[in-house]
Structures are given as C-alpha cells and as structure tokens.
Amino acid sequence: MIFLDNASTTKVYDKAIEAMDKIYREDYFNPSATYKGGREALSHITKARETIASYLSVKKDEIYFTSCATESNNWVLNNAFKNKKGNIVISCGEHACVYETAKNLASKGLDVRFAPINEDGTVNVAELLKLVDDKTNLVSVIHVSNETGVINDLATISKKVKSKSPKTLIHSDGVQAFMKTNTNLMRLGVDFYSISGHKIGAPKGVGVLFIKSGIHIAPYIYGGGQEKNMRSGTENVAGISALGVASQCYKELYNLTTIEANYNLLLSEIKSIDGVEIIGNTENNSKLIVCASINGVRAETLQSIMADSGVYIGRGSACSSAHSGNRVLSAMGIPDSKIAGAIRISLSPQTTQEEIITATNVLKENINKLRGYQIG
C-alpha cells in the first residue's frame, strides 16, 4: 500500500504509540489527582506543552489542549470577542470548520464578511483589508490551504490588519502548517493559532489552541477547571503526550531538501499526463500537497480505483469530499468541469521517490483506463 493522502490524516508514529501505551498501562492516573500517580500523569502533559510551545516560539502557558483543531477553531470564532455588534472577517479559502462556523454566526445576526481568494489560492489581501474597520472583532485566515498547500503570508496580513484596526484579533488555522513551514507565531503576529495532532503522526482526538498572553477569550467548556479554567474536562493524557512525541518525530524526519525533491518529482510526473492542470501556486507552497484536475475523469471514480490498486489519494478536504463540488476551488475561479476531476495528492516526510514513481505510474494507467484506452 502507498498512502498519499497525508493531508487528511497520517500514520501514528511508533514512538507516539509507545508513549500512549505506557500511559494506558502504567501512568493512567487522573492528572488532577494530587498523589504521586496524578503528578506523574500531569508531567506528561507539561512536557508536551513545553514541546509544542518551543516549536511555535511561544510561552508554554499560551498553549491549551483541545480534542481537535475543529474544536480550537470553533472556540475562537464563538468566544473570542465581546462586541456582538462588531464584525468578523474570514477568507473564502478556510477549512469547513471555520467557514461553516462563520456561516452559523451569520445566521444568528452577526456581521460576517468573506474575503475573496486569488486564482493561485492565496487570500486577496487588498480586498480583505477593505472589509476590516474599527468594529472588526476578528480576522481569520488559514495559514496553509488544506486543498492546495498554498501558504498565506500571515506576517504581512497581521501587520496590515493591526495597522488599520489595532484592536482586531488575528486567528489562523495552522493545521497544514505546523511543523511544515515557518510557525514562529511571534513573527507571524497572530493572537490565536489552531493545530491538529493527527496531521503530524499523532492520534486523532487531540489538538491545540494557542492564545496569546493578555488576550481575553471566554472558556469553551465549563466544569472542573482544567487548562487554567479555559477548557474543562479530564485531559486526554495519552493523546497529549503522543502529540508532543509526534511533533519531535516529525521534526527529526523532516528534511526540506528531500521534501522539495519529492514534491518536484511528483509535479513532474503529474504534469507529464495529458490533460492535467495543476491547481494553486506551486512555489509559495508547503511542498507537501499537489492539487490537480484530470480532464475527462471523475475524481471520485479515480480515487476508488486507485485504492483498489493499492494507492490512496485524496480529492480535496476529507471533511468535504463526500459532497459534490469544492467550495475553495470554486472561490479560486476553477470551473465545475475541472473541479469534477480534481484530486489531491499529499506527501509526508517518510514518502519515498520510489513510492511517488510507482504511484504516478498507477495513476497514469488508471487515468488511461477511465479514458478508454491503454498505455502503449
């Protein structure tokens, strides 16, 4: 099997599994307990918090653990502002958990403004700034597109938004960016940043929200007062520990030279197929995601027969691939006829060139079968 849908999820690292196993078998105590076992369980959370904070160049007290990035994003959009008469601005390139939450807020009467994205997949900064005024509570812009891998210039966006409206808070969904591009949050100038564990070799069910010191946000879950009274509920000690371990594993395995070589090889192989159009900016990119439209082929059919051939690819965000169309690609100006054939191939630090060559050969064979003729 060759797995090339790493933007949807990733295989859990062995070291992360070992960390979880130790906690499940030995350090299974409640981290809120004051006896020795509880303190030991709490130490796993503390260590993970310190690790994540170091990779974001922030203070450990600014890291809050959640169940997933969807929860983190919902927390910010629903609770990060007091002025209900103000407005929020998000980009049209956001993941569904941001976009749909914003739509829900709009349905309740909040002034929600949607900034367009460019043909290359980046947010249109000039148009976004036109939507920002002195009543803008929050601006949310995804760091790396989950559809195309295109990187938004958060540092520039944050600086320009703050210059126009100093009190406006900046949030970014960093799910496809964490450990894969520059995530020095002090340099990026954001107030909130969301992370998901299962995109970097940690298990599903654990995420992070960075909240900049001094920023007020209402608690998301009330109860026993965990996470400094901000996100109550007994912590997922095993998952949190595994996230810290997985981030270390990802850092050790990530080699930019190898990543770029693999990305360029994948691009070259896909471009060699007749009737293929690459979608999104391939230079300003995480170099881990390739989005391409295959003329004359329906993506869901191709994805299915690729899986039957032992190669797993995506066709856009896993959260939305069950639905027809693709909101983000449409916002980029891609016509429906091309969206119907759009696939997403996403790599990991462990992906090899041999896997890429084998997978793209299988891709070419299956495309030709679907088009009704054979190779050769």
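**Exercise 1.** Does T282 count as buried or exposed, and why?

*Solution.* A quick note before the steps: this is a predicted model, where local features need pLDDT of at least 70 and side-chain atom pairs count only at pLDDT 80 or more, while totals for chains, interfaces and linings use all residues. Residues are numbered from 1 along each chain as its sequence is written, and side-chain values use heavy atoms, leaving out hydrogens and water.

Step 1: get the cut-offs. Buried means under 20% relative accessible area, exposed means over 50%, and partly exposed is in between (1.4 Å probe, protein chains only).
Step 2: apply them. T282 counts as buried because its relative accessibility is 18%.
Step 3: look around. T282 touches Y263, L267 and K287, leaving aside residues up to four places away in sequence; contact here means heavy atoms within 4.5 Å.

**Exercise 2.** Place S57 and N229, and describe their phi angles.

*Solution.* Step 1: find the loops. S57 sits between α2 (36-56) and β2 (63-66), and N229 sits between β8 (207-211) and α8. Helices (H or I, at least four residues) and strands (E, at least two) are DSSP runs, numbered from the N terminus.
Step 2: check phi. Most residues other than glycine have a negative phi. S57, not a glycine, has a positive phi of about 60°, and N229, also not a glycine, has a positive phi near 65°.
Step 3: check accessibility. S57 is at 34%, so S57 counts as partly exposed; N229 is at 52%, so N229 counts as exposed.
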